[in-house]
Amino acid sequence: MQLTHQAHNIPKDNSKDIIVLCDHVKGPANIGSIFRLSDAFGVKEIIFGGPSVDISSSRLKRTARNTQDKVRFRESANLQLTLQELHAQGYHSIAIEITDQSIPLHKLSNTAWDKVVLIIGDENFGISEGILKMVTQTGHISMLGINSSMNVAQALGIALYELTRC
């Protein structure tokens, strides 16, 4: 018999204050998954930059499973300014991107940072150069195989797990 979340798995507080910043992430299924993952890992807020998010999309709603009504979110017309404001509030930022400066994400998960902005980008173009120049750290997910990337929502799930498991 499958257990229900409400009856058998009481949510615990996340020890980190996490905000997810989405740099031009598109697609209702991806965005729905981002809401669902953010709910599962206690994300404080999602910030979307780029094209407006259509919360009324039936695909987004099916994928999100009502978490779009539970997780706080907003849109930003200027993600660089938004990130600058978050840094001023004491947040450290981690861009999930493979670069010549990135380190494996599992090594970043042990940081003492209690306020983190986790940044994900467009599946085709990644995180914009302007944002990458501003981040505290760039981390990548160590992968086997020949492919150099994975779905943005899957990458977010792995990153959130790494950041919240300690």
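1. A residue counts as buried when its relative accessible area is under 20%, and Asp122, with a relative accessible area of 7%, is therefore buried. This holds in a predicted model, in which Asp122 lies in the loop between S6 and helix H6 (129-132). Leaving aside neighbours within four places in sequence, Asp122 is in contact with Asp23, His24, Val25 and Lys26. The C-alpha atoms of Asp122 and Asn151 are 9.7 Å apart in space, while the two residues are 29 residues apart in sequence.

2. One of those contacts of Asp122, His24, deserves its own remark. His24 is found in the loop between S1 and H2, and, although it is not a glycine, His24 has a positive phi of about 60°. Most residues other than glycine have a negative phi. With a relative accessible area of 39%, His24 is partly exposed.

3. Arg65 can be read alongside, since its phi, near 50°, is likewise a positive value in a residue other than glycine. Arg65 has its place in the loop between H3 and strand S3 (73-76), and its relative accessible area of 56% makes it exposed.

4. As to the overall architecture, the protein has seven helices and seven strands, and from the N terminus on the elements run α-β-α-β-α-β-α-β-β-α-β-α-β-α. Of the 166 residues, 42% are buried. Among contacts between residues at least 6 apart in sequence, 82% join residues at least 24 apart. The protein exposes about 9400 Å², of which carbon and sulfur atoms supply 50%.

5. The largest nonpolar core has 29 residues, and those with the most contacts inside it are Cys22, Ile94, Ile96, Leu118 and Ile120. Two or more residues are given to this core by each of strand S1 (17-23), helix H2 (28-40), strand S2 (45-49), helix H3 (58-64), strand S4 (92-96), helix H5 (105-108), strand S6 (115-121) and helix H7 (152-164). The largest share, six residues, comes from H7. There is also a second, separate core of 14 residues, which includes Tyr91, Ile119, Ile127 and Ile131.

6. Ile94, listed among the residues with the most contacts inside the largest core, touches Leu105, Leu108, Trp113, Val116, Val117, Leu118, Ile119, Gln137, Gly139 and Leu163, when residues up to four places away in sequence are not counted. One of these partners, Ile119, is included in the second core.

7. Ile46 lies in strand S2 and, at 0% relative accessibility, counts as buried. Not counting residues up to four places away in sequence, Ile46 touches Val20, Cys22, Ile34, Phe35, Ser38, Val71, Arg72, Phe73 and Arg74. The C-alpha atoms of Ile46 and Val117 are separated by 9.5 Å, and these residues are 71 residues apart along the chain.

8. Thr82, whose place is in helix H4 (residues 79-88), has a relative accessible area of 5% and is therefore buried. Its contacts, again not counting residues up to four places away in sequence, are with Leu21, Ile47, Arg74 and Ser76. Arg74 is thus touched by Thr82 and also by Ile46.

9. His106 lies in helix H5 and is partly exposed, with a relative accessible area of 38%. Leaving aside neighbours within four places in sequence, His106 is in contact with Ser142, Glu162 and Arg165. The C-alpha atoms of His106 and Ile141, which are 35 residues apart along the chain, are separated by 7.8 Å.

10. The second largest pocket has a volume of about 370 Å³. Of the 19 residues that line this pocket, the closest to its centre are Ile96, Glu97, Ser148, Ser149 and Met150, and one of these, Ile96, is also listed among the residues with the most contacts inside the largest nonpolar core. The elements that give two or more residues to the lining are S6 and H7, and both of these elements also give two or more residues to the largest core. By type, the lining residues divide into nine nonpolar, seven polar and three charged.

Terms used. Residues are numbered from 1 along each chain as its sequence is written. This is a predicted model: local features need pLDDT of at least 70, side-chain atom pairs count only at pLDDT 80 or more; totals for chains, interfaces and linings use all residues. Side-chain values use heavy atoms; hydrogens and water are left out. A nonpolar core is a set of buried Ala, Val, Leu, Ile, Met, Phe, Trp, Tyr and Cys residues joined through side-chain atoms within 4.5 Å. Buried means under 20% relative accessible area, exposed over 50%, partly exposed in between (1.4 Å probe, protein chains only). Helices (H or I, at least four residues) and strands (E, at least two) are DSSP runs, numbered from the N terminus. Contact means heavy atoms within 4.5 Å. Accessible areas come from the Shrake-Rupley method with a 1.4 Å probe; for residues, only the protein chains shown count as cover. On a 1 Å grid over the protein atoms alone, a cavity is a set of points where a 1.4 Å probe fits but cannot get out, and a pocket is an open set with protein on both sides within 12 Å along at least five of seven lines; lining residues have an atom within 4 Å of a point. Grid points are joined across faces, edges and corners, and a volume is the space filled by probe spheres set on the points. Ala, Val, Leu, Ile, Met, Phe, Trp, Tyr, Cys and Pro count as nonpolar, Asp, Glu, Lys and Arg as charged, and the others, Gly among them, as polar.
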